[in-house]
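Grab a pencil and work through these exercises at your own pace. Each one comes with a worked solution.

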Amino acid sequence: MARISAGVLVYRKRQGVVEVLLVHPGGPFWAKRDTGAWSIPKGEADPAEPLLDAARREFHEETGFTVSGDFTALSPLRQPGGKVVHAWAVEGDCDPTRMRSNTFTLEWPPRSGKQQEFPEIDRVDWFAIDEALRRILPGQASLLRELATLV
């Protein structure tokens, strides 16, 4: 059975331009990657948890922000690794400099026996949809294209 993730695609309108909030994964594997590395805030859903609740929880865990409003379900997508992502769009705003992410522990450097703690998300930022399409993981680009048709 495919793993299920749930996420929130927050957007805002600034001077007639639609911008979306994307997150950059933390940790050593992503540190030097930018183009094609960003994502919507999302994470694995607990099977007993309603998917929108999971999406809102994951958004808060990854960014430290809460989100509310009129959520619009976007078409679920299957990422190249097989994970199915359910996402909702909602209009909102936040200050990226106030982001607080949860952390994870990883043996780093590999085979060193040393455990290091890393933020799950090391950056969050607003991008116009055209720029966001360059930066987002290719498997999530359809979420941005769908949002562009809705707003």
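**Exercise 1.** Is Phe29 buried or exposed?

*Solution.* Start with the ground rules. The model is predicted, so local features need pLDDT of at least 70 and side-chain atom pairs count only at pLDDT 80 or more, while totals for chains, interfaces and linings use all residues. Residues are numbered from 1 along each chain as its sequence is written, and side-chain values use heavy atoms, leaving out hydrogens and water.

Next, the cut-offs: buried means under 20% relative accessible area, exposed over 50%, and partly exposed in between (1.4 Å probe, protein chains only). Phe29 has a relative accessible area of 57%, so Phe29 is exposed.

**Exercise 2.** Work out how Phe29 and Trp108 pair up, and where they sit.

*Solution.* Rings of Phe, Tyr and Trp (its six-membered ring) pair if their centres lie within 6.5 Å; planes under 30 degrees apart are stacked, over 60 edge-to-face, and the rest tilted. The structure has 3 aromatic pairs. In one of them, Phe29 and Trp108 are 5.5 Å centre to centre with 80° between the planes, which makes the pair edge-to-face.

Now place them. Helices (H or I, at least four residues) and strands (E, at least two) are DSSP runs numbered from the N terminus. Phe29 is in the loop between β2 and β3 (42-44), and Trp108 is in the loop between β7 (103-107) and β8 (115-119), 79 residues apart. Trp108 is partly exposed, at 24% relative accessible area.

**Exercise 3.** Do the same for Trp38 and Phe127.

*Solution.* Their ring centres are 5.0 Å apart and the planes meet at 80°, so this pair is edge-to-face. Trp38 lies in the loop between β2 and β3 and Phe127 in strand β9 (residues 121-128), so the pair ties together parts 89 residues apart in sequence. Both Trp38 and Phe127 are buried.

**Exercise 4.** Find which residues of helix α3 are buried, and what covers them.

*Solution.* In α3 (residues 141-150), the buried ones are Ala141, Leu143, Leu144 and Leu147. Looking down the axis, they fall within an arc of 155° (taken from the directions from the axis to the C-beta atoms), so they line one face of the helix. Their cover includes β1 (4-14), β2 (17-25) and α2 (129-135), where contact means heavy atoms within 4.5 Å.

**Exercise 5.** Which element gives the largest share of the largest nonpolar core?

*Solution.* A nonpolar core is a set of buried Ala, Val, Leu, Ile, Met, Phe, Trp, Tyr and Cys residues joined through side-chain atoms within 4.5 Å. The largest has 20 residues, and those touching the most other members include Leu9, Val20 and Leu143. The largest share, 4 residues, comes from α3.
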